[in-house]
Amino acid sequence: MGSKNHEIVPTPLIEKIARLKGGASGVHKSISNLAKAGLIGRVKEAKYDGYRLTYGGLDYLALHTHASRKHVYSVGSRVGVGKESDIMIVADDKGTQKILKIHRLGRISFRTVKTNRDYLKNRQSASWMYLSRLAAIKEYAFMQALREEGFPVPEPIAQSRHTIVMNLIDALPMRQISSVPDPAALYAELIALILRLAKHGLIHGDFNEFNILIREDKDEQDPSIITPTPIVIDFPQMVSMDHQNAEMYFDRDVECIKRFFERRFHFVSTTPGPFFKDAKKTVGRDGVRRLDAAVEASGFTKKMAKDLEAALKEQQAQSRDNADESDESDEAEEDSEEEDDDEEHHVIGIQGSDTEEALEKLAINDGT
Ligand code: ADP
Ligand code: MG
């Protein structure tokens, strides 16, 4: 409660809110136990005596909510670590497995601080909790809206603080797929998805091989026929077709798919485009619901969108900085046909995949 208005919650306020029996000494004992468990931390250079929630503490509170609402009973292994999130397998009390996505904005590596120095000075770490929660709220709102419109996205189950519970998709990121029976068909499907999103007023903004999961759907009549079906994930950076940089985001999403299909499947489409100006004309056409407007109406305000966008940009700039400094530059990777040797690749249409196998593969995913 204290964290709502204070990054560092003054100790007297904690005493007041806690209303613990045993007076001040009881409160201090509780505080010290929480601090020992790493759920809260004392801030040394603070102007006043107080404590702040740690990420562990925030995780604990969110899990407590999910547990009391019966969405989560147990926590399993971590299947992905991104710069901005942790992805865990969890299960409810019936043993149904789900995905818990924990947003971690502001968890930045301080290996390079050059682009972030000003940002950090202005915002300090004060906003990590707020920003991570914004990312979760936005992602959840978009997943709900997209799901309602029948888009292939995971089912959003619950959101609490900086976390989301969604259903577990038994699929691998496209990044780990080495071949598909019909690249042209999959390509067409992905481009159609970009255009369908645009019609609803949206651009994914990070539409790439990490954020497209490929599920192997077996034909009902003939199970030996497998159709790779894309499921789209990861929505904190979604932007409206009316965004001032919409064209750049749109083109980048299209380009990501083109580049990947050329490099991985040696497929180049003979159809040029799609082009932003054409997609723009379709926004809201045929009476489709504008989801950018719908999400804003759901309470994700312009101010929240702006705060989140600034933070995500900062984070991306930072990760680019880090990439530039690392030994293996992006360019070197692009030139190499044998990219990501350490990753196992999966051939669709030859091997089947049961859940266990899929989970095993998920565990080696780098989760970017
Ligand atoms: P980030 O923002 O860190 O990129 P993502 O939402 O893209 O987080 O998830 C990272 C990885 O976690 C994905 O590439 C995928 O392997 C796995 N993942 C995420 N959501 C699901 C899901 N619902 N089902 C199965 N795997 C998932
Ligand atoms: Mg991702």
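The paragraphs below lead through the helices, strands and loops of this structure, which is a predicted model.

A walk along the chain can begin with helix H1 (residues 11-18) and helix H2 (residues 23-36), whose axes come within 10 Å and cross at roughly 105 degrees. Angles of 65 to 115 degrees count as roughly perpendicular, and H1 is therefore roughly perpendicular to H2. On the H1 side the contact is made by Thr11, Ile14 and Glu15, and these residues meet Val27, His28 and Ile31 of H2. Sorted by class, the residues in the contact of H1 with H2 are 3 nonpolar, 2 polar and 1 charged.

Further along come strand E5 (residues 85-91) and E6, which pair in the antiparallel sense over 7 bridges. Strands of a sheet pair through backbone hydrogen bonds, and the pairing may be either parallel or antiparallel. One of the paired positions is valine 90, whose bridge partner in E6 is lysine 98. The two strands E5 and E6 form a hairpin with 5 residues between them, and in the turn glycine 95 has a positive phi of about 85 degrees. Strand E6 (residues 97-103) is mostly covered, with 6 of its 7 residues buried. E6 is also joined to E8 by 5 bridges, and these two strands run antiparallel; here lysine 101 has isoleucine 164 of E8 as its bridge partner.

Helix H5 (residues 128-148) offers a simple check on geometry: at 1.5 Å a residue its 21 residues should span 30 Å, and its end C-alpha atoms are 30 Å apart, which agrees. Of the 21 residues of H5, 15 are buried, so this helix is largely enclosed by the rest of the structure. Just after H5, glycine 150 takes a positive phi of about 85 degrees.

The next loop to look at lies between strand E7 (156-160) and strand E8 (163-167), and it holds arginine 161. Most residues other than glycine have a negative phi, whereas arginine 161, although it is not a glycine, has a positive phi of about 50 degrees. With a relative accessibility of 35%, arginine 161 counts as partly exposed.

After this comes an open sheet of 3 strands, in the order E9-E12-E13 and with antiparallel pairing. Its edge strands are strand E9 (172-173) and strand E13 (226-232), each of which pairs on one side only. E9 is joined to strand E12 (residues 212-218) by 2 bridges, while 7 bridges join E12 to E13. Isoleucine 214 gives a convenient place from which to follow both pairings: this residue of E12 is the bridge partner of leucine 172, and isoleucine 214 also stands opposite proline 230 in E13. Although E13 is an edge strand, 6 of its 7 residues are buried, so E13 is largely enclosed by the rest of the structure.

What lies across E12 and E13? The element in question is H6, which runs at about 25 degrees to E13. Helix H6 (residues 183-199) also has a helical neighbour, helix H7 (residues 246-265): the axes of the two come within 11 Å and cross at roughly 170 degrees. Angles over 145 degrees count as roughly antiparallel, and H6 and H7 are therefore roughly antiparallel to each other. Among the residues that H6 brings to this contact are Leu186, Leu190, Ile191 and Ile194, and those of H7 include Phe250, Val254, Ile257 and Phe261. By class, the contact of H6 with H7 has 13 nonpolar and 2 charged residues, and no polar ones; the charged residues are Asp253 and Lys258 of H7. An α-helix has 3.6 residues a turn, so residues three or four places apart point the same way.

Beyond H7, in the loop that leads to helix H8 (276-282), is proline 274. Most peptide bonds are trans, but the one that joins glycine 273 and proline 274 is cis, with omega about 5 degrees. The loop between H8 and helix H9 (291-297) then contains aspartate 286. Aspartate 286 has a phi near 60 degrees, a positive value in a residue other than glycine. With a relative accessibility of 63%, aspartate 286 counts as exposed.

Definitions and conventions. Residues numbered from 1 in each chain as written. Chains lettered and ligands numbered in written order. Predicted model: local features only at pLDDT ≥ 70, side-chain atom pairs only at ≥ 80, totals over all residues. Heavy atoms only, no water. Axes fitted to C-alpha atoms, helices over the stretch in contact; angles between N-to-C directions. Helix = DSSP H or I, 4+ residues; strand = E, 2+ residues; numbered from the N terminus. Parallel < 35°, antiparallel > 145°, perpendicular 65-115°, else oblique. Contact = heavy atoms within 4.5 Å. Pairing = 2+ DSSP bridges. Expected span 1.5 Å × (residues − 1). Buried < 20%, exposed > 50% of the residue type's maximum accessible area, 1.4 Å probe, protein only.
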